[in-house]
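Here are a few notes from going through the model, meant to be read with the structure open. Have a look and see whether you would pick out the same spots.

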Amino acid sequence: MSQMDEAVARYNKLLENGPYRDLSWAETLHERMETSKLSSGGRLICPFLRPNFISRRQYEALVKTGESLIGAIDRMETMVLASPVLLARLELLPAEKMLASIDPGYQALEVAARLDTHLVNGHLHFVQYNADSPTGAGYADALAEMFYDVPPMKELRKKYTIAKVGSRRHLLQALLKSYKQFGGIKKKPNIAIVEFRQTYSARSEYELFRDFFRGEGYTVEIVSPEQLEYRNRVLRRGNFEIDVVYRRLGVQEFLLRFDLSHPLVQAYRDRTVCVVNSFRSELAHKKAMFGLLTDETLTAKFPATERKAIREHVPWTRLVAPAKTTYNDKSIDLPEFITQNRERLALKPNDDYSDQHTYLGWEMDAAAWDRALKQAMRAPYVVQERVEPVRSVFPLMTFGHLEFREMQVDVHPHAYLGKVQGCSSWLSAGNTSFSSAAGIVPTFILDSK
């Protein structure tokens with residue numbers, strides 16, 4: 001049994017047969033979440049009673065490999081911006097292309113990003129790059145503070161060294177550095193966190209960031225795009241003049257509701273406000289970016305470390321089209337290959353903000369897969385090689401009783417200005433069983449003392 005398996009078994013045993021069978025501590029934890037509004041419609045954002053543990057070696061691998069991959073993505077974005085042919089392979093909307101053509105005024109292509117990974121033992125696979133408006137870091141930080149001192153964690157810390165991996169301070173530093181590169185001269189710029197209004201009672205993750213930034217001495221407001229005005233080359237909401245926009249709405253989501261005459265776009269185009277992430281981040285957000293990265297004819301001159309990160313940790317991906325391409329250095333007819341290799345392929349919409357479905361070939365029969373392929377040929381989709389999910393058993397409290405469920409675990413390293421600094425985890429039932437349980441859990445680095 002590995003040290004990680006041993007620690008998980010020890011933690012679960014403390015709850016099942018040990019001194020913490022009395023779940024009053026869990027009720028207190030849930031009450032703290034409710035008080036902090038970390039719930040929605042009566043459902044906690046974290047219904048689980050155990051954090052996710054990763055080893056120091058695993059975290060260092062996430063950092064090293066993640067940063068190499070981000071370097072490769074940035075390199076590919078630069079190529080795409082200079083090549084209409086490559087840009088076409090990302091299947092951007094015309095308005096998205098126009099926004100991507102505007103220089104944001106600072107160096108980073110993505111100031112904040114999130115990598116979605118499957119991490120098991122020494123194996124690491126990146127399945128998605130969230131570069132547009134990544135989520136999870138704020139909730140994970142708040143949950144880490146709550147979980148660190150719960151009784152079972154205190155008991156576990158007697159045997160193991162357990163470290164938190166927070167993100168809030170790194171995000172603030174990245175925002176300020178980007179503002180300075182942009183040419184901003186204020187020591188304490190006004191920051192607007194721009195997101196659509198919440199329609200439910202849960203506390204927005206960005207209220208957590210707002211409160212943290214305010215605690216650091218900054219004037220910060222959460223603003224919906226409908227409230228923005230642009231007058232005399234100043235972006236504002238009422239009397240609140242904005243220097244930095246922390247953009248918390250997706251580009252496609254934004255364009256479904258507004259056109260390019262919106263005040264945010266006008267100020268961005270005039271370069272009178274620093275927008276983070278810039279609208280160029282949409283290039284990397286498209287899943288077709290992995291199609292470019294796994295095309296070795298495009299990456300042949302990339303640094304060896306970046307090519308190695310792609311080759312060993314990024315699943316083969318292609319934009320679905322009636323075309324010839326390559327797989328394992330062999331020429332293939334793509335639609336024919338997709339038809340014949342259903343068991344090891346998935347069809348995914350190119351953009352998460354679309355209302356298209358994901359299709360997993362290994363869960364479908366041949367007729368259903370053929371229908372899915374026809375759908376994918378009509379709308380921007382990618383085909384991606386199957387990556388086996390990671391599963392682990394987590395405790396929950398259901399109606400006052402303890403139960404254990406096997407959950408799919410996705411580990412999400414968070415990166416700021418290309419550096420991995422923080423980590424969250426997402427638990428779900430995956431696609432093997434029906435379960436309504438899902439949510440964020442804090443991620444701790446666990447080592448022996």
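1. A cut-off to start with: a residue counts as exposed when its relative accessible area is over 50%, and as buried when that area is under 20%. Asn-328 has a relative accessible area of 59%, so it falls in the exposed class. Keep in mind that this is a predicted model.

2. Staying with Asn-328: its phi is near 55°, a positive value in a residue other than glycine. You'll find Asn-328 in the loop between strand E15 (324–327) and strand E16 (330–333).

3. Arg-271 is another residue to check. Phi of Arg-271 is also positive, near 55°, and again this isn't a glycine. The residue sits in the loop that runs between helix H11 (263–269) and E13. With a relative accessible area of 40%, Arg-271 is partly exposed.

4. On the far side of E13, look at the peptide bond between Val-276 and Asn-277: it is cis, with omega about -10°. Asn-277 belongs to the loop between E13 and helix H12 (281–285).

5. Now the sheet that E13 belongs to. It is an open one with 4 strands, ordered E8-E7-E12-E13, and the pairing is parallel. Which strands stand at the edges? They are E8 (220–223) and E13 (274–276); each has a single partner strand, so one side of each is left without a neighbour in the sheet. On average, neighbouring strands are turned by 25° against each other, direction ignored.

6. For the E7–E8 pair, the count is 4 bridges in the parallel sense, with E7 covering residues 191–194. Val-194 has Val-223 in E8 as its bridge partner.

7. Two helices pack on this sheet. Helix H8 (residues 168–182) touches E7, strand E12 (244–247) and E13, and its direction makes about 145° with that of E13. Helix H9 (residues 205–215) touches E7, E8 and E12, and its direction makes about 160° with that of E8.

8. What is buried in H9? The buried residues are Glu-205, Tyr-206, Leu-208, Phe-209, Arg-210, Phe-212 and Phe-213. Their cover includes helix H6 (137–147) and H8, along with the strands E7, E8 and E12. Just after H9 comes Gly-217, with a positive phi of about 100°.

Key: Residues numbered from 1 in each chain as written. Predicted model: local features only at pLDDT ≥ 70, side-chain atom pairs only at ≥ 80, totals over all residues. Heavy atoms only, no water. Pairing = 2+ DSSP bridges. Axes fitted to C-alpha atoms, helices over the stretch in contact; angles between N-to-C directions. Contact = heavy atoms within 4.5 Å. Buried < 20%, exposed > 50% of the residue type's maximum accessible area, 1.4 Å probe, protein only.
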